[in-house]
Structure formats: structure tokens, C-alpha cells
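Let's take a walk through this structure together, with an eye on how its parts hold on to each other. Have a look at it first, then read on.

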Amino acid sequence: MTGEDRSVRGGGRPLGAVRPVVTGLGVIAPSGLGVEQYWASTLRGELRVAPISRFDPARYSARLAGEVAGFEPEEHVDKRYIVQTDRWTWFGMAASRLALADAAYDPADHDPYATAVVFGSGSGGNDFGQRELQRLWTRGRTAVSVYQSIAWFYAATTGQTSIRHGLKGPSGVVVSDGAGGLDSLAQARRVIRRGTSTVLAGGAESGLTPYGLTCHLSSGRVSTAAAAADGYKPFDIRANGYLPGEGGATLVVEDPAAAAARGAPHVYGEIAGYAATHDAADHARPAPDGRWLATAMRRALADAGLAPDDVDVVFADGAGSPDLDAQEAAAIRAVFGDRAVPVTAPQGLVGRLCAGGSALSVATALLSIRDGVIPAVGNLDTPDPGYGLDLVQAPRQTPVRVALVNARGYGGFNSSLVVRAVDPA
């Protein structure tokens, strides 16, 4: 038994048994600023991938992405932070502000050590970094901003968010590419089980720069389709790779007793289970099958005390490459057997948002629980019958109590997280 397991709260329940609840959601995504705008667009199936407008992509083989439109940083972030930080940090801080408002949680009303920040990150401050390096090359070192030393850093959003809200709880950053959003929530659960009552968790990304796009292209998995409808198509017979996107989500994660004591206005669900595995031989060769993803799914369900039959929907990683989609399909079949569990991947509408994408998937799963509707797989026209999955092709009205969310990161990261509805009583 670990020290975490031996710790006991005032009511006599081991802290290791606590299942944190999500009381607030904040979303900044290509399909909307704020939860309701994003959710309505997702249910309508609006494709928000479009030609890149933030720079001229003419020299690149991929020219489409999911950009966040209509985002004015001055409307979401204090001016003193804008000059110090990158676009991805603006997104993270804006999403955090929205999540805190949604949860009716003002950190100033609590002990500074009662609130922590844990975000996932995959690429850091691309925009800021590219601009300052260009100044270095063209104008010399004296032209480079002093904030370059911190704005690019993976932990910048965690640090700036904690400073902005005066948060002194145990904080950090998780770097595991596309799995980072799930992994941050797992770390949030650990932090809460060790005695901190509230954690801001999730992730946001913004890698739509010449440098960022070049990094994406180096994977060999980016779609070069000329039309958005032909691009990122998870589980489709015409799948030809993914398209990058920007944005993400912040979730307010709380100890359930603390949430009840302060009268949290709503609870979206609980973080019931989690597991992670790693399967890469090297960065260039992904695992030949999905066995380790299947292991993560099984262990997450076991951690939640649930069986496959308890799951109402799987929010898939949906990589959009035929081999990776086949791996995930094989893993889902291995876990669920002959049962046709509904499978969705709405991210086909907005692109792959790296760590921000998996955080957004969890927020989407919780909205699915709230409203009793499963959104469709994004940009899916013709499901590949070889996958043998019940792919959701139109919003499906059905009670959702348990959702399993998958996320995979470049280099072999596999994570699965279970969220479950909570009885209001």
C-alpha cells in the first residue's frame, strides 16, 4: 500500500479512493469559443478545417488546418501577459478563465495552496519562438525579446495560469504529445488524492506556423488533400492522414467533498479510471498492432471498477491514417468482443490538436453524458467496413453514463480515461 493509499480524509475515506469530479469546462477550438458554441457546432457536424490563413502555406505540401477564428487575445487575457506569452498560452489561459467561470470557482476565495494547475503540452510556443528566432537571424541578438526564454517553454501555460490566479498548489506539465490532455487529468487525480482540493487540467496547442507545420510534415502522416472534405477522415475508407489544428480545453477538477461543500453549480461527471502504456520501438516505426492500446483500455476500465459492457461510447483517438485507425479498431474489438459499442471521433471536424485534442475529447465526452447524445465521427463519409466498428455517422440520442476516451501520442504513448456520470444525490 502506498502512502497515498494510507492517507485518510476527515470522513474516514482513503484519499486513494477519491474519484475527482469535473465541475467546469472551458473550450477554445476551431468550432467555437466557449462550451456551448463548440458543442452546437460539433453536433451540427460543421467542418472547421480550411486553408491556412495565419501564413502563406504555398511552399508546403499540406495547406489545410483547423484554425481558431475570431479569437482576440485582449478579450480573454490580461494585456501584461500577452506580450510575454505565445498564442498557445493565450488559448490555455482563456480556456481556464472560461472553465473557472463555468464552475463558479474563484481561486481568490480559497487558500492559494488549495488549487493547482497541471496541463499537457506537445509543442510549446511555436509562434513566439519562430518570430524571435527570425529577429535573431535578421537583426541580431539584441532584437530578441527577453521573454523568448520562457514563452516557448512547455510549462509556460501552467506557470502563467498559476501566476494569473495566484495558485500555489502542486503544479506541473505533462509532455506526451497527443496523449497529454488525458495524462494531465490523471495527474490532476493524483494531486487531489494527495490532498489538494482543486486542479485546473487539460491542454491547448497552437502549432500553425511554418516551423510547426514542418514538424507535422516530418511525421509523414499529414494529409495533402486540396479540399477540406477530402482531408482528415478518421475511419473512412478514404482516410489519408490527419490535418493539424489548434485550441484545446481546460477542466476544473475537484475533490467531490470540496465541490459539494462549496455548492458547485453542476458536476459533469467523475474521472473514474485511467491507464497508460507505451509501445513504440522507435519514433519512425509504430507498433504493428494495437495490443498495448487494448491493455490501456482494459486497465482503465479495471481502475474504474467497470466491465466493457458498462461503456456506452468510445471516443477514439481516430488518427486518420489507415494503419493507425486499423490498430485502434483492432484494440477496440479486442476489448469489447462481439459487442458493437458506439465509436466516435468528432476531431475530424477540427483537426488534431495534439495535447489540446485529447483534453477536448474528454470535455466532449462529458457533454455527451450531460445531454444524452453521441456526436458523429467528424468528416466521415464512408466507414471502412474492415474495421468492424459501430461508427456513429449522425448524432445519436441515447443515455450516456460511461464514456471511454482514447488518445495516442507520437512515439508510442497510449492513454485511456474513463468518465462516468454522477448521481446528483
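## Charged pairs and a helix contact

Arg 238 and Asp 230 bring their side chains together in a salt bridge, 3.0 Å from N to O. Keep in mind that you're looking at a predicted model. This pair doesn't stand alone: salt bridges with shared partners join Asp 230, Lys 233, Arg 238 and Asp 381 into one network. How exposed are the two residues we started with? Arg 238 has a relative accessibility of 40%, so it counts as partly exposed. Asp 230 is partly exposed too, at 33%.

A search of the whole structure turns up 18 salt bridges. Here are three of them, with their N to O distances.

| Salt bridge | N to O distance |
|---|---|
| Arg 238 and Asp 230 | 3.0 Å |
| Arg 54 and Asp 127 | 2.9 Å |
| Arg 189 and Asp 303 | 2.8 Å |

Take Arg 54 and Asp 127, whose side chains meet in a salt bridge of 2.9 Å. This pair links distant parts of the chain, 73 residues apart: Arg 54 sits in the loop between β3 (50-51) and β4 (64-65), while Asp 127 belongs to helix α5 (residues 126-139). Arg 54 is partly exposed, with 29% relative accessibility. Asp 127 is also partly exposed, its relative accessible area being 25%.

Now for Arg 189 and Asp 303, with a salt bridge of 2.8 Å between their side chains. Which parts does this pair tie together? Arg 189 is in helix α8 and Asp 303 is in helix α11 (residues 291-304), so the bridge connects parts that lie 114 residues apart in sequence. Is Arg 189 buried or exposed? With a relative accessible area of 8%, Arg 189 falls under the 20% cut-off, so it is buried. Its partner Asp 303 comes out as partly exposed, at 29% relative accessibility.

Helix α8 has another neighbour to look at. Helix α8 (residues 180-193) packs with helix α13 (residues 355-371) at an angle of about 65°, and their axes are 6 Å apart. Which residues meet in this contact? On the α8 side you'll find Gly 180, Gly 181, Leu 182 and Leu 185, and these meet Ala 355, Ser 358, Ala 359 and Val 362 of α13. The residues of this contact divide into 5 nonpolar and 3 polar, with no charged ones.

So helix α8 shows up twice in this tour: it holds Arg 189, which pairs with Asp 303 in helix α11, and it packs with helix α13.

How values were computed:
Residues numbered from 1 in each chain as written. Predicted model: local features only at pLDDT ≥ 70, side-chain atom pairs only at ≥ 80, totals over all residues. Heavy atoms only, no water. Axes fitted to C-alpha atoms, helices over the stretch in contact; angles between N-to-C directions. Helix = DSSP H or I, 4+ residues; strand = E, 2+ residues; numbered from the N terminus. Contact = heavy atoms within 4.5 Å. Nonpolar A, V, L, I, M, F, W, Y, C, P; charged D, E, K, R; others polar. Salt bridge = Lys/Arg side-chain N within 4 Å of Asp/Glu carboxyl O. Buried < 20%, exposed > 50% of the residue type's maximum accessible area, 1.4 Å probe, protein only.
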